[in-house]
Amino acid sequence: MDLAAPRPNEGAAHSMVVNEHRAIRLVAYLEAFKGVLVLATAAGLLSLVHKDLEALAARLIEHSHLNPASKYPLILVDVASRLQDTKLVMLAMGATAYSLIRLVEAYGLYRERAWAEVLAAASGAIYMPIEAYEWFKQPSWFRVVVFAVNAAVVGLMLHALLHRRRARARKTA
């Protein structure tokens, strides 16, 4: 049993590490949720193959009590009439690939793997300029929240990677 007095701020440092681990786990759950949601979307797209999408869009508009002659319902019917089975399959394949990346990332973050932290930081950072542009172009609270959450995830991942690098340097020194 070690009865040595704890060093100053040792408890605070431990608390920060525990909170960082919890935050990374939360991001892992978020990425897993996104992966499952997009996978369900891919399955939904595949279920539309060989269906009359124009008639399906017309029924959806009618069921929603929308004016079929207005702008957006017309766009929906037009897109549905031009959407081919090959495009649906390609969209479903793209969505499946995206969801697999998200699920693998979630697994890696949950297991606290450095490669997953790099992937999370990079994939989040890619969207930040677009999110910032959209935010300044058309400000809304939703865009502010999306940008802030994404920036927090990128910052958390960079902090975790830096912490990992410093711990490795201390072990070798």
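**Exercise 1. Confidence and fold**

Task: In the protein chain, find where confidence is lowest and where it is highest. Then give the helix and strand counts.

Solution.
- Step 1. In the protein chain, confidence is lowest in helix 3 (residues 71–82), with a mean of 83, and highest in helix 5, with 95. These values belong to a predicted model.
- Step 2. Take the chain as a whole. Its mean pLDDT is 87, and 90% of its residues reach 70 or more.
- Step 3. Count the elements. The protein chain has 6 helices and 0 strands. Along the sequence the pattern reads α-α-α-α-α-α.
- Step 4. Turn to burial and surface. Of the 173 residues, 23% count as buried. The chain exposes about 12,400 Å², and carbon and sulfur atoms supply 68% of that area.
- Step 5. Check the contact range. Among contacts with a separation of 6 or more, 67% are between residues 24 or more positions apart.

**Exercise 2. The geometry of helix 5**

Task: State how far helix 5 reaches. Locate its bend and list its buried residues.

Solution.
- Step 1. Helix 5 covers residues 114–137, which is 24 residues.
- Step 2. From first C-alpha to last, helix 5 reaches 35 Å, close to the 34 Å expected at 1.5 Å a residue.
- Step 3. Look for the bend. Helix 5 bends by about 30 degrees at Met128. A proline, Pro129, follows within four residues.
- Step 4. Collect the buried positions in helix 5: Ala116, Glu117, Ala120, Ala121, Ser123, Gly124, Met128, Glu131 and Ala132. Met128, the residue at the bend, is thus on the buried list.

**Exercise 3. Salt bridges of Glu31**

Task: Which residues form salt bridges with Glu31? Place each pair in the helices.

Solution.
- Step 1. Start with the total: 5 salt bridges.
- Step 2. Take Lys34. It forms a salt bridge with Glu31, and the closest N and O atoms are 3.2 Å apart. Both residues lie in helix 1 (residues 10–47), 3 residues apart, about one turn of the helix.
- Step 3. Compare exposure. Lys34 is partly exposed at 28% relative accessibility. Glu31 is buried, with a relative accessible area of 5%.
- Step 4. Take Arg102. Its side chain meets that of Glu31 in a salt bridge at 3.4 Å, N to O. Glu31 lies in helix 1 and Arg102 in helix 4 (residues 85–110), so the pair ties together parts 71 residues apart in sequence. Both Glu31 and Arg102 are buried.

**Exercise 4. A link from helix 6, and the network**

Task: What is the salt-bridge partner of Arg164? Is each residue of the pair buried or partly exposed?

Solution.
- Step 1. Arg164 forms a salt bridge with Glu117, and the closest N and O atoms are 3.0 Å apart.
- Step 2. The pair links distant parts of the chain: Arg164 is in helix 6 (residues 141–172) and Glu117 in helix 5, 47 residues apart.
- Step 3. Arg164 counts as partly exposed at 27% relative accessibility. Glu117 counts as buried at 2%.
- Step 4. Now the network. Salt bridges with shared partners join Glu31, Lys34, Arg102 and Glu105 into one network.

**Exercise 5. The surroundings of Val27**

Task: Which residues does Val27 touch, leaving aside those up to four places away in sequence?

Solution.
- Step 1. Val27 sits in helix 1. At 7% relative accessibility, Val27 counts as buried, the cut-off being under 20%.
- Step 2. Its contacts on these terms are Leu109, Val153, Leu156 and Met157.
- Step 3. Set sequence against space for Leu109. Val27 and Leu109 are 82 residues apart in sequence, and 7.5 Å apart in space, C-alpha to C-alpha.

Technical notes: Residues are numbered from 1 along each chain as its sequence is written. This is a predicted model: local features need pLDDT of at least 70, side-chain atom pairs count only at pLDDT 80 or more; totals for chains, interfaces and linings use all residues. Side-chain values use heavy atoms; hydrogens and water are left out. Helices (H or I, at least four residues) and strands (E, at least two) are DSSP runs, numbered from the N terminus. The expected span of a helix is 1.5 Å times one less than its number of residues. The bend at a residue is the angle between axes fitted to the seven residues ending there and the seven starting there. Buried means under 20% relative accessible area, exposed over 50%, partly exposed in between (1.4 Å probe, protein chains only). pLDDT is the predictor's confidence in each residue, from 0 to 100. Contact means heavy atoms within 4.5 Å. Accessible areas come from the Shrake-Rupley method with a 1.4 Å probe; for residues, only the protein chains shown count as cover. A salt bridge is a side-chain nitrogen of Lys or Arg within 4 Å of a carboxyl oxygen of Asp or Glu.
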